[in-house]
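Q: I am new to this structure and would like a close look at a single part of it. Please take the place where the two chains meet, and go through it step by step.

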Amino acid sequence: MKIWIYSNGQQQGPYTFDQFAALGVDGSTPVWYDGLPQWTRADIAPLTAPLYGATAGGAAQYSTRQTFVADPNVVVVNNVVHQPPCPPTYLIWSIFITCCCCQPGGIAGIIMAIVARNRYNNGDYRGARRMSEYIQWVLIISIVLGLMSIPFAFML
Amino acid sequence: MAAAAVIAAVAIAFYYGLHDPAAGGAPQCLFYKLTGWECPGCGSQRALHAALNGDLTAAWHYNAMLFFLVPVAALYGFASLDTTPSRRLRRRIEQPAALALLAAAIIAWWILRNID
């Protein structure tokens, strides 16, 4: 059985099962092998799931929920994953807040951008988009709190 | 959106060019007032005023990190405008390792400026 993985923005493989096991990739990595209808997380694809501590029954239980195929944004052509561009990470705002608002929100925004990018590079487009929205909220709340703190700073 | 950003930037430059924040009346850092430690952005307003009046030495003294962060922020802002299919520049500079380096640089600056 040949196994392909999708990692760091590109398809890699094929690997034998033993080679794949030796790679020790993260459970969220998309894998595909002949017989699997679509790219699937390694920790829930029936063949590779036992490497991540899942029983055969447990793998079947989660297979409909977590496969990448459920995301209409991700298109698979000839077993190559095509994702839309990475969702915005708002780094210019994170740096602006670091310079101006006296808030740890800017550094939080940069660290969340790392998470969003990692998810995107691992083929988890939907996770990256969700993180992008969280970044937006952190930055908006930081700016509002920064503006609200101005009168308090004058009082001290 | 871009026009609004340019107008805001010109207005801020006018305000900080003419008004010296050190003379008072400018917003002050709550973190500094509460803890006595400077945050990574402390001194930005005074540094901006000094730089706009040509005194780069004073600007460096108020907040040296701005000389690094302003070009970096401009680079990330410019890259986010890139709509070519490959988005090569954005992919390069938004690598997780590059972003981790940026966060580490800011945190290191935050610690170092409070040590001496």
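A: What follows describes the contact between the two chains, with enough on each chain to place it.

This is a predicted model. Chain A has a mean pLDDT of 78, with 80% of its residues at 70 or more. Within chain A, confidence is lowest in helix α2 (residues 56-66), where the mean is 43, and highest in α4(A), where it is 91. Over residues 56-70 of chain A, pLDDT stays under 50, and the model has 19 contacts beyond four places in sequence for this stretch.

The two chains are built as follows. Chain A has five helices and six strands, and from the N terminus on its elements run β-β-α-β-β-α-β-β-α-α-α. Of its 156 residues, 42% count as buried. Chain B has seven helices and zero strands. Buried residues make up 33% of the 116 residues in chain B.

Now to the contact itself. It takes 25 residues from chain A and 31 residues from chain B. The size of an interface is often given as the accessible area lost when the parts come together. Here chain A and chain B bury about 2,400 Å² between them, and 77% of that area is on carbon and sulfur atoms. Between the chains there are also five residue pairs in polar contact, both residues being at pLDDT 80 or more. On the side of chain A that touches chain B, α3, α4 and α5 of chain A each supply at least two residues. The largest share of that side, eight residues, comes from α4(A).

The nonpolar part of the picture comes next. The largest nonpolar core has 32 residues, and those with the most contacts inside it are A:Ile95, A:Ile110, B:Leu69, B:Tyr76, B:Leu99, B:Leu102 and B:Ile106. At least two residues of this core come from each of α3 (91-100), α4 (105-121) and α5 (125-155) in chain A, and likewise from each of α3 (44-52), α4 (56-62), α5 (66-80) and α7 (96-115) in chain B. A:Ile95 touches B:Leu69, B:Val72, B:Ala73, B:Tyr76 and B:Leu102, leaving out residues up to four places away in sequence. A second, separate core has 13 residues, including A:Ile3, A:Tyr6, A:Val25 and A:Trp39.

A:Thr98 is another residue to follow across the contact, and it sits in helix α3 of chain A. A:Thr98 counts as buried because its relative accessibility is 2%, and the cut-off for buried is under 20%. Apart from neighbours within four places in sequence, A:Thr98 is in contact with A:Gly106 and A:Ile107 in chain A, and with B:Pro40, B:Gly41 and B:Ile106 in chain B.

The charged residues come next. Side chains of opposite charge can pair when their charged atoms come close. The structure holds three salt bridges over all chains, and the count between chain A and chain B is one. That one is formed by A:Arg117 and B:Glu94, whose closest N and O atoms are 3.2 Å apart. A:Arg117 lies in helix α4 of chain A and B:Glu94 in the loop between α6 and α7 of chain B, so this pair joins two chains. A:Arg117 is buried, with a relative accessible area of 3%, and B:Glu94 is buried with a relative accessible area of 3%.

B:Glu94 also meets the side chain of B:Arg90 in a salt bridge (3.2 Å, N to O). A:Arg117, B:Arg90 and B:Glu94 are thus linked in a network of salt bridges. B:Arg90 is in helix α6 (residues 88-93) of chain B and is buried, with a relative accessible area of 8%. A polar atom of the B:Arg90 side chain lies 2.9 Å from the backbone oxygen of A:Pro87. Beyond four places in sequence, B:Arg90 touches A:Cys86, A:Pro87, A:Pro88, A:Thr89 and A:Arg117 in chain A, and B:Ala79 and B:Ser80 in chain B.

The remaining salt bridge pairs the side chains of B:Arg113 and B:Glu38 (3.4 Å, N to O). B:Arg113 is in helix α7 of chain B and B:Glu38 in the loop between α2 (30-35) and α3 of chain B, so the pair links parts of the chain 75 residues apart. B:Arg113 is buried, with a relative accessible area of 10%, whereas B:Glu38 counts as partly exposed at 24% relative accessibility.

Notes. Residues are numbered from 1 along each chain as its sequence is written. Chains are lettered from A and ligands numbered from 1 in the order in which they are written. Side-chain values use heavy atoms; hydrogens and water are left out. A nonpolar core is a set of buried Ala, Val, Leu, Ile, Met, Phe, Trp, Tyr and Cys residues joined through side-chain atoms within 4.5 Å. Buried means under 20% relative accessible area, exposed over 50%, partly exposed in between (1.4 Å probe, protein chains only). Helices (H or I, at least four residues) and strands (E, at least two) are DSSP runs, numbered from the N terminus. Contact means heavy atoms within 4.5 Å. pLDDT is the predictor's confidence in each residue, from 0 to 100. Buried area is the accessible area (1.4 Å probe) that two parts lose on being put together, summed over both. A salt bridge is a side-chain nitrogen of Lys or Arg within 4 Å of a carboxyl oxygen of Asp or Glu. A polar contact is a pair of N or O atoms within 3.5 Å; within protein, one must be able to donate a hydrogen and the other to accept it, and residues adjacent in sequence count only if both atoms are side-chain atoms.
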